[in-house]
Amino acid sequence: MLAFCAAAAAQAPQILSIQDPQKVVVPRNGEVRVVLKANLRPGYHANSDRPTESYLIPLRLTWDAGTPLQVVEILYPEPKLEKFDFNDRPISVLDGDFEIVTRFRRAPGAMPGPAFLAGKLRYQACNDRMCFPPRTVDVKVPLLIQ
């Protein structure tokens, strides 16, 4: 099994891509939204943030601690339920283009000026026959703290 996973990881194509995020201007007060735009290649899907089976790896966006912003809420896209031959019940998945929105507030003591927000998007991509080992994509968002 381990050999299979290693071989699949070595052969897994680039299935998910993320657009470079736009620079976010952070005001002194209030909240800002960071929109992460992702795309899955045709014929592939990823498990949603709330998979219907315990053995499936959920989509998960995390932001590094110690940044000039504090996470208020992460909003994942609405998944769809799709039936595949390898499972008796429909599975909660995403495919095509989707967005993950994170609401932030400025951290106390955040210094004005340019900064970066760093995070990671973990996902497990599958097709109609198999699932690939989970992958993690680094996310970096340019900021301008006012």
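Setting aside neighbours within four places in sequence, Val93 is in contact with His45, Ala46, Ser48, Pro79, Lys80, Glu82 and Phe84. The model in which these contacts are found is a predicted one. Val93 itself lies in strand E8. With a relative accessibility of 1%, Val93 counts as buried, because the limit for that class is under 20%. Val93 and Val34 are 59 residues apart in sequence, and their C-alpha atoms are 22 Å apart in space.

## The chain as a whole

The chain has one helix and twelve strands. Along the sequence these elements follow the pattern α-β-β-β-β-β-β-β-β-β-β-β-β. The C-alpha atoms fill a box of roughly 50 × 30 × 25 Å, taken along the principal axes. Of the 146 residues of the chain, 39% count as buried. The accessible surface comes to about 8,500 Å², and carbon and sulfur atoms account for 52% of that surface. Among contacts with a separation of 6 or more, 74% are between residues 24 or more positions apart.

## The open sheet around strand E8

Strand E8, the place of Val93, belongs to an open sheet of four strands in the order E7-E8-E4-E11, with antiparallel pairing. The edges of this sheet are strand E7 (80–82) and E11, each of which pairs on one side only. E7 and strand E8 (residues 91–94) are paired in the antiparallel sense over three bridges. Within this pairing, Glu82 stands opposite Ile91 in E8. Glu82 is also one of the residues in contact with Val93.

## Strand E3 and its partners

In a regular strand the side chains alternate between the two faces of the sheet. Strand E3 (residues 31–40) shows such an alternation. On one face, the side chains of Val32, Val34, Leu36, Ala38 and Leu40 are buried. Glu31, Arg33, Val35, Lys37 and Asn39 point to the other face and are not buried.

E3 pairs with strand E1 (residues 16–18) in the antiparallel sense over three bridges. Here the bridge partner of Ser17 is Asn39 in E3. E3 is also joined to strand E9 (residues 97–106) by nine bridges, and these two strands run antiparallel. In this pairing Ala38 stands opposite Phe98 in E9.

Thr102 has its place in strand E9. Its relative accessible area is 0%, so Thr102 is buried. A polar contact of 3.2 Å joins its side chain to that of Trp63. Beyond neighbours within four places in sequence, Thr102 is in contact with Val32, Arg33, Val34, Leu61, Trp63, Val71, Glu73 and Ile74. These contacts include Val32 and Val34, which point to the buried face of E3.

## Gln124 and the disulfide

Gln124 is found in the loop between strand E10 (113–123) and strand E11 (125–126). At 10% relative accessibility, Gln124 counts as buried. Its side chain makes a polar contact of 3.0 Å with the side chain of Asn47. A polar atom of the Gln124 side chain also lies 3.2 Å from the backbone oxygen of Phe132. Apart from neighbours within four places in sequence, Gln124 is in contact with His45, Ala46, Asn47, Leu56, Ile57, Cys131, Phe132 and Pro134. His45 and Ala46 appear in this list, and both are in contact with Val93 too.

Cys131, one of the residues in contact with Gln124, takes part in a disulfide with Cys126, the S to S distance being 2.1 Å. The count for the model comes to one disulfide. The torsion about the S-S bond of Cys126 and Cys131 is about 100 degrees, so the disulfide is right-handed. The two cysteines fall into separate accessibility classes: Cys126 is buried, with a relative accessible area of 1%, whereas Cys131 is partly exposed, at 23%.

## Accessibility of the residues described

The table gathers the relative accessible areas of the residues discussed above.

| Residue | Relative accessible area | Class |
|---|---|---|
| Val93 | 1% | buried |
| Thr102 | 0% | buried |
| Gln124 | 10% | buried |
| Cys126 | 1% | buried |
| Cys131 | 23% | partly exposed |

Terms used
Residues are numbered from 1 along each chain as its sequence is written. This is a predicted model: local features need pLDDT of at least 70, side-chain atom pairs count only at pLDDT 80 or more; totals for chains, interfaces and linings use all residues. Side-chain values use heavy atoms; hydrogens and water are left out. Buried means under 20% relative accessible area, exposed over 50%, partly exposed in between (1.4 Å probe, protein chains only). A polar contact is a pair of N or O atoms within 3.5 Å; within protein, one must be able to donate a hydrogen and the other to accept it, and residues adjacent in sequence count only if both atoms are side-chain atoms. Contact means heavy atoms within 4.5 Å. Two strands pair if DSSP finds at least two bridges between them. A disulfide is a pair of cysteine sulfur atoms within 2.5 Å. Accessible areas come from the Shrake-Rupley method with a 1.4 Å probe; for residues, only the protein chains shown count as cover.
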